[in-house]
Amino acid sequence: KINKCDTETAEALKMYISPLVEKGIDTLILGCTHYPLVFEIVEELFPELKIVCSGTSSLGADSCGQNV
């Protein structure tokens, strides 16, 4: 799991997801086996989004959170 305090990861996620939120998306699909690693950070940064997650990471992370 990626540390929630990882500011580089948080900044990268903001850079890529913020423009989508600004365009009005209400749901974000995390469709890769590595995305569960950043699920909690995305959920914290964008609490207004419904997050649909592909499930368990191939890297051994738990499945995505309860917001699916």
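**From surface to strands and cysteines**

The protein chain presents an accessible surface of about 4500 Å², and carbon and sulfur atoms contribute 53% of that area. The values here are computed from a predicted model. Of the 68 residues in the protein chain, 29% are buried.

The secondary structure consists of two helices and two strands, arranged along the sequence in the pattern α-β-α-β. Among contacts in the protein chain with a separation of 6 or more, 52% link residues that lie 24 or more positions apart.

The strands may be considered next. Strand β1 spans residues 27–30; L28 and L30 form its covered face, whereas T27 and I29 form the uncovered one. In general, the side chains of a regular strand alternate between the two faces of the sheet. Strand β2, residues 50–53, runs parallel to β1 and is joined to it by four bridges. Within this pairing, L30 has C53 in β2 as its bridge partner. The connection from β1 to β2 passes through helix α2, residues 39–45, and forms a right-handed β-α-β crossover.

C53 also enters the question of disulfides, since it holds the cysteine sulfur closest to that of C32. A disulfide is a covalent bond between the sulfur atoms of two cysteines. The criterion applied is a pair of cysteine sulfur atoms within 2.5 Å. The sulfur of C32 lies 9.7 Å from that of C53, which is too far for a bond. The count of disulfides is accordingly zero. As for its surroundings, C32 has a relative accessibility of 30% and therefore counts as partly exposed.

Key
Residues numbered from 1 in each chain as written. Predicted model: local features only at pLDDT ≥ 70, side-chain atom pairs only at ≥ 80, totals over all residues. Heavy atoms only, no water. Buried < 20%, exposed > 50% of the residue type's maximum accessible area, 1.4 Å probe, protein only. Contact = heavy atoms within 4.5 Å. Areas by Shrake-Rupley, 256 points an atom, 1.4 Å probe, with all protein chains shown as cover. Pairing = 2+ DSSP bridges. Right-handed = clockwise from strand over helix to strand, strands pointing away.
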